[in-house]
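Visitor: I would like a close look at one helix and what packs around it. Please take that part in detail, then place it in the rest of the chain.

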Amino acid sequence: MGQDQTKQQIEKGLHLYQSNHTEKALQVWMRVLEKSADPAGRFRVLGCLITAHAEMGRYKDMLKFAVVQIDTARELEDPNYLTEGYLNLARSNEKLCEFQKAISYCKTCLNMQGTTVSLQLNGQVSLSMGNAFLGLSIFQKALECFEKALRYAHNNDDKMLECRVCCSLGNFYAQIKESMKIALQHGDRPLQALCLLCFADIHLSRRDVQTAFPRYDSAMSIMTEIGNRLGQIQVLLGVAKCWMIQKELDKALESIEKAQELAEGLGNKLGLLKLHCLCERIYRTKGQQRELRDHVVKFHECVEEMELYCGMCGESIGEKNNQLQALPCSHFFHLKCLQTNGTRGCPNCRRLSVKPGYV
């Protein structure tokens with residue numbers, strides 16, 4: 001079966017599938033898979049089979065086709081195909097509750113940043129990774145992934161992705177409620193505080209400020225009681241973001257000032273970096289140029305102290321959605337810079353390092 005015939009048969013299967021003739025569509029696609037000599041066509045029909053089996057809940061079959069698809073992608077030697085293939089492997093393993101494998105495959109997708117497909121699929125990768133972290137009960141990382149996926153959905157007006165993220169957030173909320181119940185039963189104050197902080201962050205991500213505020217207040221009360229100053233910084237930054245949503249910039253600055261005092265006392269540079277970033281946004285909105293410049297300078301001082309910059313292009317790491325590569329010496333670089341430069345030595349410490357590769 002040649003390229004044109006392969007394309008025609010795939011379209012025929014899609015028409016059948018969309019008309020709810022699922023079994024007939026699967027038969028058409030399986031014939032294409034058996035007879036087609038076109039690798040790109042085989043890759044596409046495998047994608048159709050993966051989607052169909054996912055929607056039917058046949059996750060073992062979904063994984064089986066995902067494995068064949070990634071082999072086809074390697075044969076094609078195209079990073080766009082590889083990105084999509086690894087995402088399908090991640091989704092298959094997530095559905096089968098192989099959460100560590102799912103996270104690993106998601107990270108591989110993200111390390112291929114810069115390809116046309118990877119930019120389009122980032123939201124789905126973040127969602128799958130969030131679901132995997134949720135399955136492992138790593139709530140904070142799960143929420144971070146869901147927030148990223150939601151931003152991608154809003155920025156690209158992707159209603160289907162937005163719907164799926166909201167469903168995952170609902171599941172996340174239910175698990176946090178169960179954790180909170182257990183924490184209350186056992187008198188576990190640190191876990192209670194963490195659950196309340198997660199509740200508040202969920203409502204903040206949905207811009208439900210009125211519901212977020214009392215959760216932050218309750219979390220802050222327990223964090224103060226148990227002496228968790230790092231947790232207090234997280235709460236205060238969340239409260240500041242709530243005030244920013246309400247355009248109460250002076251109140252946001254008050255929360256940030258309290259967070260700054262705690263962060264400086266702890267020597268918590270990441271907290272300082274985050275609050276300088278918030279202050280930069282606030283003073284830019286207020287048009288106060290001197291204060292704006294001051295926080296921009298302090299932000300970059302934190303970046304320097306934490307070595308959060310690329311040793312090749314000199315740009316800071318984390319300001320934009322760029323993928324990174326860590327060398328054995330522990331220094332981080334933009335993956336695209338390493339791929340372009342092709343060096344085997346670390347520009348920061350001149351130590352011999354392995355050639356960068358994918359996770």
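Guide: The cover over the buried residues of α10 includes α8 (139–155), α9 (159–186), α11 (209–226) and α12 (229–245). The model is a predicted one. Helix α10 itself spans residues 189–205. Of its 17 residues, 12 are buried, so α10 is largely enclosed by the rest of the structure. The cut-off behind that count is a relative accessible area under 20%.

The buried set in α10 begins with Gln192 and Ala193 and continues with Cys195, Leu196, Leu197, Cys198, Phe199, Ala200, Asp201, Ile202, His203 and Leu204. An α-helix has 3.6 residues a turn, so residues three or four places apart point the same way. In α10 the run from Cys195 to Leu204 is buried without a break, and helices on the list of cover include α9 and α11.

The geometry of α10 can be given briefly. From its first C-alpha to its last, α10 reaches 24 Å, close to the 24 Å expected at 1.5 Å a residue. At the N-terminal end, aspartate 188 acts as a cap, with a side-chain oxygen 3.1 Å from the backbone nitrogen of leucine 191. After α10 comes arginine 207, which has a positive phi, near 60°.

Two of the buried residues of α10 are cysteines, Cys195 and Cys198. A disulfide is a covalent bond between the sulfur atoms of two cysteines. The search of the whole structure finds 0 disulfides. Cysteine 166 is therefore in no disulfide, and the nearest cysteine sulfur, that of cysteine 163, is 6.9 Å away, where the cut-off for a disulfide is 2.5 Å. Cysteine 166 is partly exposed, with a relative accessible area of 42%. Cysteine 48, by contrast, counts as buried because its relative accessibility is 11%.

One of the covering helices, α8 (139–155), falls in a stretch that carries an annotation. An unreviewed UniProt entry places the feature "repeat: TPR" at residues 123–156. The chain over residues 123–156 is 88% helix and 0% strand, and the C-alpha atoms at the two ends are 10 Å apart.

Another of the covering helices, α12 (229–245), leads on to α13 (residues 249–266), where serine 255 lies. Serine 255 counts as buried at 8% relative accessibility. Beyond its neighbours within four places in sequence, serine 255 is in contact with Leu236, Val239, Ala240 and Trp243. Lysine 258 is also in α13, but lysine 258 is exposed, with a relative accessible area of 51%. The C-alpha atoms of lysine 258 and leucine 236 are 7.3 Å apart, with their positions 22 residues apart along the chain.

Leucine 253 has its place in α13 as well. At 15% relative accessibility, leucine 253 counts as buried. Residues that leucine 253 touches, those up to four places away in sequence not counted, are Cys279, Ile282 and Tyr283. Leucine 253 and leucine 278 are 25 residues apart along the chain, and their C-alpha atoms are separated by 8.9 Å.

Two earlier helices can be set beside α10. Helix α6 (residues 99–110) has 12 residues and reaches 17 Å between its first and last C-alpha atoms, close to the 16 Å expected. In α6 the buried residues are Phe99, Ala102, Ile103, Cys106, Thr108, Cys109 and Leu110. Helix α5 (residues 79–95) holds asparagine 88, which is buried with a relative accessible area of 7%. The side chain of asparagine 88 makes a polar contact of 2.8 Å with the side chain of arginine 91. Contacts of asparagine 88, apart from neighbours within four places in sequence, are Ile50, Ala66 and Gln69.

As for the whole chain, its secondary structure comes to 16 helices and 2 strands. Buried residues make up 44% of its 359 residues. Among contacts in the chain with a separation of 6 or more, 49% are between residues 24 or more positions apart. The chain exposes about 19100 Å², with carbon and sulfur atoms supplying 48% of that area.

Notes:
Residues are numbered from 1 along each chain as its sequence is written. This is a predicted model: local features need pLDDT of at least 70, side-chain atom pairs count only at pLDDT 80 or more; totals for chains, interfaces and linings use all residues. Side-chain values use heavy atoms; hydrogens and water are left out. UniProt positions are given in the numbering used here, feature names are shortened, and annotations may be inferred rather than shown by experiment. Helices (H or I, at least four residues) and strands (E, at least two) are DSSP runs, numbered from the N terminus. Buried means under 20% relative accessible area, exposed over 50%, partly exposed in between (1.4 Å probe, protein chains only). Contact means heavy atoms within 4.5 Å. Accessible areas come from the Shrake-Rupley method with a 1.4 Å probe; for residues, only the protein chains shown count as cover. The expected span of a helix is 1.5 Å times one less than its number of residues. A polar contact is a pair of N or O atoms within 3.5 Å; within protein, one must be able to donate a hydrogen and the other to accept it, and residues adjacent in sequence count only if both atoms are side-chain atoms.
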